[in-house]
Amino acid sequence: MLVFILNAGSSSLKYQLMNPVSKEVLAVGLCERIGIDGVLKHEFGDDAKLKLEVAMPTHKEAIELVLKTLCEGEGKVIDSINDIDAIGHRAVHGGEEFASSVMVSPKVIETMKKLIPLAPLHNPANIMGMEICQELIPGKPNVAVFDTAFHQTMPDYAYMYALPYDQYTKHGIRKYGFHGTSHYFVSNEAQGMLDKKHNTRVIVCHLGNGSSVSAVLNGKCIDTSMGLTPVQGLMMGTRAGDVGAGALSYMMSQENLTIDGALDVMNKKSGILGISGKSSDLREVLEGMQAGDERCKLAVEMVAYNIKKYVGAYVAALDGVDALCFTGGIGENSALIREIVCAGLDGMGLNIDPTKNNKRSQEPRDIATNSSTARIFVIPTNEEYVIANDTYKIVTGLEK
Ligand code: ADP
């Protein structure tokens, strides 16, 4: 079984070709600058790489080129597109309509179109990816895997905003949460790593360019830090995270900004980039801090402090904690952020072992001291595997 995994964004798309049963990845790649010029980066075999600069006026040319690259020439990994058994699509916003992955049908696409106001940049690109795959890989099933689905188990008192109730009934204004495939994968792995099998209380910190925390009780999400859109919650690469409405409206009046202008600041110019003034990339900001840059130091302290506050809140939401998990580029790689987040949390049963924390590894691991009541796990996420596996289960009828 081979699943073509597609993550179509507004001007880029990521793909993988994976066997969900053996977990073998045949190829992985990225098309960038779609609609501008076009660059394809394709990795295959044992660390082989290919870079093609080819015009990609639309997503259709980009996907055509990806399929051609998979089947022909230097980067070839399959004989023809008929070797692809199914396509799994990362879909961003499933609203309240999708609590699990689904086979793509005209009705599913119609429902996703209705959800466009909730994700105006992402859902149109996801839908386009589905329609293009139906055309270019005819007769093969397409499955949509939603970023929001895992969080649909949140209780109403956690997902509601304290706005007038009819804002929810009229417009669906509530917290949805994102990165669901990662929170699901990591919390599920953590459950497997815990000795305890019942009443498992897991906190997942997915820390990448976009970051979010979730509280997972017995495998079900009960709270998460992102909201109606991904701008809420933690401070991220370029997103502000939690900022009061008063501060936002005051900034708008002082800077003479429209709503779109203010959202552009909140989404693209804030977070680690906004505070450091240097970069949205934590590695560069850590380097700046080491070189004595005070704003880089402030950015790092804010990142860690924000995560720590959510961890504390979610220990309370879960009535305790059995495992705190770190994942994503920052969570998997930055021992310093993990150290600052966990410092002083012994009272909550979280006791980090500095030697284990500083040891580098690509494997899931426990970095808590032996005497720590709760475990602290570093678990590399694998969102593509969740997409491939959900696709496999749906097309083979293992899951309806
Ligand atoms: P995305 O959310 O785009 O998938 P990633 O999960 O790859 O992003 O995370 C990117 C972030 O991880 C960047 O801020 C990057 O600086 C950070 N990162 C990657 N490696 C390290 C490292 N060794 N130390 C600190 N931060 C790192």
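**Close-up views of the ligand site**

**View 1. Meet the residues around the ligand.** In this predicted model, the ligand is surrounded by Gly208, Asn209, Gly210, Asp281, Leu282, Arg283, Leu286, Gly328, Gly329, Ile330, Asn333 and Ser334. Sorted by character, this shell holds 7 polar, 3 nonpolar and 2 charged residues.

**View 2. Two helices that help to build the shell.** Here we turn to the secondary structure. Helix α10 covers residues 282-290 and helix α12 covers 328-333, and each of them supplies at least two residues of the shell. Which helix gives the most to the shell around the ligand? That is α12, with 4 residues.

**View 3. Polar contacts with Gly329, Ile330 and Asn333.** Let us look at individual atoms. A polar backbone atom of Gly329 sits 2.8 Å from an oxygen atom of the ligand. For Ile330, a backbone N or O atom is 3.3 Å from a ligand oxygen atom. Asn333 takes part through its side chain: one of its polar atoms there lies 3.4 Å from a nitrogen atom of the ligand. How much of the ligand's accessible area does the protein cover? On its own the ligand has 580 Å² of accessible area, and the protein covers 72% of this.

**View 4. Stepping back to the domains.** To place the site in the chain, it helps to know the domain assignment, which gives domain 1 as residues 3-146 and domain 2 as residues 196-383. The centres of domain 1 and domain 2, taken over C-alpha atoms, are 29 Å apart.

Technical notes
Residues are numbered from 1 along each chain as its sequence is written. This is a predicted model: local features need pLDDT of at least 70, side-chain atom pairs count only at pLDDT 80 or more; totals for chains, interfaces and linings use all residues. Side-chain values use heavy atoms; hydrogens and water are left out. A residue is near a molecule or strand if one of its heavy atoms lies within 4 Å of it. A polar contact is a pair of N or O atoms within 3.5 Å; within protein, one must be able to donate a hydrogen and the other to accept it, and residues adjacent in sequence count only if both atoms are side-chain atoms. Accessible areas come from the Shrake-Rupley method with a 1.4 Å probe; for residues, only the protein chains shown count as cover. Ala, Val, Leu, Ile, Met, Phe, Trp, Tyr, Cys and Pro count as nonpolar, Asp, Glu, Lys and Arg as charged, and the others, Gly among them, as polar. Domain bounds come from an automatic or database domain assignment.
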